[in-house]
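Here's a quick look at how a few helices sit together. Have the structure open while you read.

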Amino acid sequence: MEIDFTGLNVQKRTLLISTASLAMLLILGLVGWILLPDRVLTWTEWQVIQQSLAYNQEIRLLTRNADRLADLLQGSPDPVRAQLVTEKVRRHLHQMEIASLEIPRDTLSTAADATYSWSLGTVEKETAIASLQTANQSIQKAIEVTVYE
């Protein structure tokens, strides 16, 4: 059996593009084989990576909000400023979704309530500070969990 390619009219440009595409595909495959780990990234591993990134992002947001409350407690009571800051903190807390950060969110929410109450004069400053310290300790524990050896 003989295959005859003489009747096939392939333009030089089409042949060049096909050859270049095949070469690029081979090069990308070789680079990926060299750079990537010895195993294929599974869907579960991909989800773990995505959740780890979301976890770290929420930790940073919790830390920033705790700092905002600490800044409020360093000054004199200002109910208007406290209301705006605590509303922003609550809004951020409401948007968070990572279930494993529920305890730090709850403690930070309690600290926001205590800070706002302090600004209104219904709670002592020491109580608000203690509540914020509890929130900071809870956030610190969540941070320590993410430290890899």
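In this predicted model, Glu58, Leu62, Asn65, Ala66, Leu69, Leu72 and Leu73 on the α2 side meet Pro104, Arg105, Leu108, Ala111, Ala112, Thr115 and Trp118 of α4. Sort the residues of that α2–α4 contact by type and you get ten nonpolar, two polar and two charged.

So how do the two helices lie relative to each other? Packed helices are described by the angle between their axes and the distance between those axes. Here the angle is about 20° and the axes are 10 Å apart. Angles under 35 degrees count as roughly parallel, so α2 and α4 are roughly parallel to each other. The crossing of α2 past α4 is left-handed.

Now for α2 itself. The helix covers residues 43–74, and its 32 residues at 1.5 Å each should span 46 Å; the end C-alpha atoms are 47 Å apart, which agrees. Its buried residues include Tyr55, Ile59 and Leu61, and the buried set packs against three helices:

| Partner of α2's buried residues | Residues |
|---|---|
| α3 | 79–95 |
| α4 | 102–120 |
| α5 | 125–145 |

Over in α5 sits Ala142. Is Ala142 buried or exposed? Its relative accessible area is 8%, and buried means under 20%, so Ala142 is buried. Setting aside neighbours within four places in sequence, Ala142 is in contact with Tyr55, Ile59, Leu101 and Pro104. Tyr55 and Ile59 are among the buried residues of α2, while Pro104 is one of the α4 residues that α2 meets. As for Leu84, 58 residues away along the chain, its C-alpha atom is separated from that of Ala142 by 27 Å.

Methods
Residues numbered from 1 in each chain as written. Predicted model: local features only at pLDDT ≥ 70, side-chain atom pairs only at ≥ 80, totals over all residues. Heavy atoms only, no water. Helix = DSSP H or I, 4+ residues; strand = E, 2+ residues; numbered from the N terminus. Expected span 1.5 Å × (residues − 1). Buried < 20%, exposed > 50% of the residue type's maximum accessible area, 1.4 Å probe, protein only. Contact = heavy atoms within 4.5 Å. Axes fitted to C-alpha atoms, helices over the stretch in contact; angles between N-to-C directions. Parallel < 35°, antiparallel > 145°, perpendicular 65-115°, else oblique. Left-handed = near helix turned anticlockwise from the far one by under 90°. Nonpolar A, V, L, I, M, F, W, Y, C, P; charged D, E, K, R; others polar.
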